Amino acid sequence: MSVDLLTALHQAVGPSQVLTHDDPDTDLSAWEQDWRKRAHGRALAVVRPGNTAEVAAVVRACAAAGASLVPQGGNTGLVVGSVPDDTGTQVVLSLTRMNAVRHIDPANLTFTVEAGCVLQSLQETAEKAGFLFPLSLAAEGSCTIGGNLATNAGGTQVLRYGNARELCLGLEVVTAQGAVWNGLSGLRKDNTGYDLRDLFIGSEGSLGVITAATLKLYPLPAAQLTAWAAVPTLDAAVALLGLAQQHLGAGLTGFEVMGQFALSIVDKHFPALRVPLWQDTPYCVLLENSDNESEEHARAQFERLLETAFEQGLVSDAVVAESLAQAHGLWHIRESIPLAQAEEGLNIKHDISIPVSRIPAFCAETDALLQREIPGVRLVNFGHLGDGNLHYNVQAPAGEDAKKFLNLQESRVNDLVFGAVARYDGSISAEHGVGSLKADHLPHYKDPVALGLMRSIKQALDPHNLMNPGRVLSRP
Ligand SMILES: Cc1cc2nc3c(=O)[nH]c(=O)nc-3n(C[C@H](O)[C@H](O)[C@H](O)COP(=O)(O)OP(=O)(O)OC[C@H]3O[C@@H](n4cnc5c(N)ncnc54)[C@H](O)[C@@H]3O)c2cc1C
């Protein structure tokens, strides 16, 4: 690293917050290795600013030295977007020290928080203040709100409350030039031109650094009930979704589908979780009913819904959680699928969306296509059916070396799955983003005019390509 850049970084954040490989006692691998262990880069330095002014000073120092920056939150992203490449020339900008809740405005139903706040701590802060912050995903114990916004994260409550984008009213951003844009508005209406907030949300650190956000809060529901149902087909699962929407209206806050193989690996690797009803059915569904009246009301609604579903042959068996602990247990099973998959071995992940109505046909066609092309391949299919979002993951045939399978088949499997997604008018990334894993695929599946506009925006906001280069948009 040039002496000038090191000096400028030391001045910006203090020497103790600039970590480099020059110090033999410092291990940078936590910042250099992605969550799925798909990539291990090498950072020029890891810099940990404590406030927005420090972030701006770091960005200016890097811009002056021509060094590129990789913003990082909890480093739980699944598309290799938050770790440096292997050139040893990139500065990792870790936001985790910026974890203050700046302001809660109960009457406006908002709170303003810094980018490094861990999602779970924000849920807890909201609850202590008597509110719900509904963003919820399995990585919530370590991912940060800055990362959630930068990837426009989804999770389990999108059906009712929307993605991270819908939960955000305003942002504070440090631009690629090191200026601070204060857009921390708590306004629900503001039609004064282009929506810059929407530009930065989902930009995966490629346009600027999110340093704070003003987020929506909701009243806490009076009761939350969870049910687990065995369904005979995916068509039945889609019909059950429609029925649940009719019966529960806005109370339906979660609707997850899980294929039998996905549940079998949870049962295999985490037997203590006691997965219900999975052995005799191709799919199970997890439903959540959030009620503003009472638990009795929620339970009565659920019972009526399930009775009708049994009568219509949409459900073959079901359990309703009797307590909050049981409900958490059922959600824990659903959230353990990615972990069980990691235990089962490396796999090819797809986070896709398809119009809900077309999901059964998509799965029938794509399951058969993959079996034809790669006999014995195992499909870990689960996801947020209510949002048309499937995690359609492909695991090596039983007994086959997972690493070898990945090396040999990844690009072919991706082509087959993404080709099917395109035929069904879907998206190759529903909620995880593009990162560097999918940046080369984007030009094949994104509308060319949209892609051209995206390149123009990148050029206008970050003309020297210093903000997370090669992520979202492949390098020119
Ligand atoms: C077990 C597990 C389950 C998951 N489940 C879901 C799920 O249900 N739904 C879902 O949407 N995602 C899910 N994810 C992935 C999800 O994208 C991340 O968990 C989360 O949103 C990223 O937050 P993070 O703080 O870890 O960001 P990081 O991983 O650190 O970064 C992600 C991207 O955002 C950029 N970034 C981070 N912070 C900032 C910032 N302050 N300003 C600008 N750019 C920034 C990074 O450069 C990178 O491109 C899951 C991940 C895991 C490991």
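# Exercises on a predicted model

In this predicted model, 35 residues surround the ligand, and the closest are Pro71, Gly73, Thr76, Gly77 and Thr144.

## Exercise 1: contacts of the ligand

Find which N or O atoms of Pro71, Thr76 and Glu204 lie by an oxygen atom of the ligand, and say how far away they are.

Solution. Start with Pro71: a backbone N or O atom of this residue is 2.6 Å from a ligand oxygen. Next take Thr76, where the N or O atom belongs to the side chain and the distance to an oxygen atom of the ligand is 2.6 Å. Last comes Glu204, with a backbone N or O atom 3.2 Å from an oxygen of the ligand. Then turn to the area: the ligand taken alone exposes 970 Å², and the protein buries 96% of that.

## Exercise 2: the shell around the ligand

Determine which elements give two or more residues to the shell around the ligand, and which one gives the most.

Solution. The elements with two or more residues in the shell are β3 (69-72), α5 (145-150) and β10 (208-216). Of these, α5 gives the most, with four residues. Sorting the shell by class then yields 13 nonpolar, 20 polar and two charged residues.

## Exercise 3: the cavity

State how many cavities of 30 Å³ or more there are, and describe the lining of the largest.

Solution. The count is one cavity of 30 Å³ or more. The space in the largest cavity is about 30 Å³. Now list its lining: Pro134, Leu135, Ser136, Gly154, Thr156, Gln157, Val158, Tyr161, Gly162 and Leu167. By class, this lining has five nonpolar and five polar residues, and no charged ones.

## Exercise 4: helix α14

Follow α14 from its start to the residue Asp425 that comes after the helix, and note where the helix bends.

Solution. At the start of α14, a side-chain oxygen of Asp401 comes within 3.4 Å of the backbone nitrogen of Lys403. The helix covers residues 402-423, and at Gln409 it bends by about 60°. After α14 comes Asp425, which has a positive phi, near 55°.

Technical notes:
Residues numbered from 1 in each chain as written. Predicted model: local features only at pLDDT ≥ 70, side-chain atom pairs only at ≥ 80, totals over all residues. Heavy atoms only, no water. 1 Å grid on protein atoms, 1.4 Å probe; cavity = no way out; pocket = protein on both sides within 12 Å on 5 of 7 lines; lining within 4 Å. Points joined across faces, edges and corners; volume = space filled by probe spheres on them. Nonpolar A, V, L, I, M, F, W, Y, C, P; charged D, E, K, R; others polar. Near = heavy atom within 4 Å. Polar contact = N/O pair within 3.5 Å; in protein donor to acceptor, adjacent residues only side chain to side chain. Areas by Shrake-Rupley, 256 points an atom, 1.4 Å probe, with all protein chains shown as cover. Bend = angle between axes of the 7 residues up to and from the residue.
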